[in-house]
Amino acid sequence: GHIPPPATPPAGISMLVVTPDVAEANQLVQHCTDSGYQVTPAASGEAALEKVREVASQGGRVQPYELVLCDAELPDMPGLELLLELREILGNNVRAD
């Protein structure tokens, strides 16, 4: 289907896209990159957690993901569980809505 364009983000907002569907991931990455986001794809909850842990281990040198877009059901865990685990890693400023 067609994805409507998002509101114009501030330049350089970092986004983590978590979906096992390669075609969907490619479409989202392309669309969001074209819209000004810095996008990192992950195919599973564990892959997403590894990417976030890697960024978090950089201290303040690397900008953490400011936005996470994930499927409700991933191959290895529910999307809500992933968001709650991200909150544990990144702190309470992570909203799970």
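This briefing walks through the fold, the helices and a few individual residues of the structure above. The model is a predicted one, and every value below is computed from it. The chain has three helices and three strands, and along the sequence these follow the pattern β-α-β-α-β-α. Of its 97 residues, 29% count as buried.

**Overall fold**

- Let's start with the strands: β1, residues 14-18, runs parallel to β2, and five bridges join the two.
- One pairing to look for is Leu16, whose bridge partner in β2 is Thr40.
- Together, β1, α1 and β2 form a β-α-β unit, and this unit is right-handed.
- Contacts also reach across the sequence: among those between residues at least 6 apart, 65% join residues at least 24 apart.

**Helix α1 and the loop after it**

- Helix α1 has 13 residues, which at 1.5 Å a residue should span 18 Å; the end C-alpha atoms are 18 Å apart, so the two values agree.
- Its buried residues are Ala25, Leu28 and Cys32.
- These buried residues sit on the same side of α1, because they cover an arc of only 70° around the axis.
- The buried residues of α1 pack against all of these strands: β1, β2 and β3.
- Turn to the other side of α1 and you will find Val22, Ala23, Asn26 and Asp34 exposed.
- Ser35 belongs to the loop that links α1 (22-34) with β2 (38-42).
- Ser35 counts as partly exposed because its relative accessibility is 22%.
- From C-alpha to C-alpha, Ser35 is 10.0 Å from Gly12, while 23 residues separate the two in sequence.

**Helix α2 and its surroundings**

- Before the helix comes Ser44, placed in the loop between β2 and α2.
- Ser44 has a relative accessible area of 17% and is therefore buried, the cut-off for buried being under 20%.
- Beyond residues up to four places away in sequence, Ser44 touches Val18 and Asp76.
- For α2, twelve residues at 1.5 Å each should give a span of 16 Å, and the end C-alpha atoms are indeed 16 Å apart.
- Gly45, Ala48, Leu49, Val52 and Val55 are the buried residues of α2.
- Viewed down the axis of α2, they fall within an arc of 125°, so they line one face of the helix.
- The cover over these buried residues includes β1, β2 and α3.

**Lys51, a residue of α2**

- Lys51 is located in helix α2.
- With 28% relative accessibility, Lys51 counts as partly exposed.
- Setting aside neighbours within four places in sequence, Lys51 is in contact with Leu16, Thr40, Pro41, Ala42 and Tyr65.
- One of these contacts, Pro41, is ten residues away along the chain, and its C-alpha atom is 9.4 Å from that of Lys51.

**The salt bridge**

- Side chains of opposite charge can pair when their charged atoms come close.
- How many salt bridges does the count come to? The count is one salt bridge.
- The partners are Arg53 and Glu46, with their closest N and O atoms 3.2 Å apart.
- Arg53 is partly exposed, at 39% relative accessibility.
- Glu46 is partly exposed as well, with a relative accessible area of 33%.

**Helix α3 and its end**

- Helix α3 covers residues 79-90, and its twelve residues reach 16 Å from first C-alpha to last, close to the 16 Å expected at 1.5 Å a residue.
- Which residues of α3 are buried? They are Gly79, Leu82, Leu83 and Leu86.
- Seen down the axis of α3, the buried residues fall within an arc of 95°, so they line one face of the helix.
- Among the elements covering the buried residues of α3 are β1, α2 (45-56) and β3 (67-70).
- On the other side of α3, both Leu80 and Glu88 are exposed.
- Gly91 comes just after α3 and takes a positive phi of about 105°.

Conventions:
Residues are numbered from 1 along each chain as its sequence is written. This is a predicted model: local features need pLDDT of at least 70, side-chain atom pairs count only at pLDDT 80 or more; totals for chains, interfaces and linings use all residues. Side-chain values use heavy atoms; hydrogens and water are left out. Helices (H or I, at least four residues) and strands (E, at least two) are DSSP runs, numbered from the N terminus. Buried means under 20% relative accessible area, exposed over 50%, partly exposed in between (1.4 Å probe, protein chains only). A salt bridge is a side-chain nitrogen of Lys or Arg within 4 Å of a carboxyl oxygen of Asp or Glu. Two strands pair if DSSP finds at least two bridges between them. A crossover is right-handed if, with the strands pointing away from the viewer, the path from the first strand over the helix to the second runs clockwise. The expected span of a helix is 1.5 Å times one less than its number of residues. The arc is that of the directions from the helix axis to the C-beta atoms. Contact means heavy atoms within 4.5 Å.
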